[in-house]
Amino acid sequence: MIGRGLLERLEKANKLDRLGDPLQRKLQEGLRGRVRDALHGVWLGHPLHPAIVQVPIGAWFSAAVLDALPRMETCATVLVGVGTASAVPAIAAGWNDWSDLATAPRRVGLVHAVANAVGVGLYGASLVARLTGNHRLGKQLAYGGLGAVSLGGYLGAHIVYRFAAGVNQAAPIEQQIPEGWHDLCEFRALGDNQKLVAHIGEIPVLVSRTGDTVTAMVERCGHETGPLGEGEVVQVDGSACVVCPWHGSTFRLADGAVVRGPATTDQPTLRTRINRGCVQAALA
Ligand code: FES
């Protein structure tokens, strides 16, 4: 309960916005295109940041174990060095993800980043102390660093589990679609190169047509449920794609493939058919 109270206060700490607002704008302006997609993990099909933070955390935790054992100074120093160096790409990926967060998770993310920055600073100082022969100080600094990055990890997990940041939010929507074929709209209501939003029960489905080909995908963006039905259709490498109006994730209409982040997973698509002039869809 104490932890929950602190987390709620952090989520509501609007004073953090004085720093968070301009910083987020600067990052959005500075990080663009392929670099931004690479740091999000579009190429990986999974958010990059939580995957690569395993390297520094693993190295630092292993160093902490070795520091408790006799005559392990050299091995521990190597692990502290590996952890500190590998934190650099993890930090870059983390700031990139942070730049797309909504207000409350962004506040928590800011404190997450500060805790980790303190941790990385302590590990850097620990490395210097070890390399200059002061292993006793090096161990003390490293244990301080472990405490700071543990707090950072706790807050990072909160951003994921409380706010579903980085989670494919289209998957639970897709799972609500019942088996079997469902009517979406009249085929003739859909002009060539047009799209519309139909519904299966309460679930919005983006239907689009090119010539005689009709495609359908879950209409809520997998990144943070932005309305793809309000998105612009653009050509990317010769394929028609829809751009999410919220943060610009871009999905190929034909198969839902993500071609631009921050989404890192493909948008769920449905099978389609025309039955007596009616467009129907079913789970793929
Ligand atoms: S909701 Fe963020 S890109 Fe669609």
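How far apart do the C-alpha centres of domain 1 and domain 2 lie? They lie 37 Å apart, and the close-ups below take you through this predicted model.

**View 1. Here are domain 1 and domain 2, the two parts into which the protein is divided.** Domain 1 covers residues 2–163, and domain 2 covers residues 171–283. Keep those ranges handy for the next view.

**View 2. This is where domain 1 meets domain 2.** On one side, nine residues of domain 1 are in contact with 11 residues of domain 2. How big is an interface? People often answer with the accessible area lost when the parts come together. Here, domain 1 and domain 2 bury about 660 Å² between them, with 54% of that on carbon and sulfur atoms. Look for Asp 37, Val 42 and Asp 100: these residues supply 61% of the area that domain 1 buries against domain 2, more than any other three residues. As for polar links, the count between the two domains is one residue pair in polar contact. Salt bridges across this interface come to zero.

**View 3. Arg 106 and Asp 17 meet in a salt bridge.** Their side chains come to 3.2 Å, N to O. Arg 106 belongs to helix 7 (residues 103–131) and Asp 17 to helix 2 (residues 17–30), so this pair ties together parts that are 89 residues apart in sequence. Searching the whole structure turns up eight salt bridges.

**View 4. Four strands make an open sheet.** Reading across, the order is 5-6-7-8, and the pairing is antiparallel. Why do strand 5 (232–236) and strand 8 (258–260) each have one side without a neighbour in the sheet? Both stand at the edges with a single partner strand, so there is no neighbour on the other side. From one strand to the next, the twist averages 40°.

**View 5. Strand 5 and strand 6 form a hairpin.** Just two residues sit between the strands, and Asp 237 in the turn has a positive phi of about 50°. Five bridges join this antiparallel pair. To find your place, spot Val 234, which stands opposite Cys 241 in strand 6. While you're here, remember that side chains in a regular strand alternate between the two faces of the sheet.

**View 6. Strand 6 also pairs with strand 7.** Strand 6 (residues 239–243) and strand 7 (residues 250–252) run antiparallel, joined by three bridges. Which residue in strand 7 is the bridge partner of Val 243? That's Thr 250.

Key. Residues numbered from 1 in each chain as written. Predicted model: local features only at pLDDT ≥ 70, side-chain atom pairs only at ≥ 80, totals over all residues. Heavy atoms only, no water. Pairing = 2+ DSSP bridges. Axes fitted to C-alpha atoms, helices over the stretch in contact; angles between N-to-C directions. Domains from an automatic or database assignment. Contact = heavy atoms within 4.5 Å. Buried area = accessible area lost by both parts, 1.4 Å probe. Salt bridge = Lys/Arg side-chain N within 4 Å of Asp/Glu carboxyl O. Polar contact = N/O pair within 3.5 Å; in protein donor to acceptor, adjacent residues only side chain to side chain.
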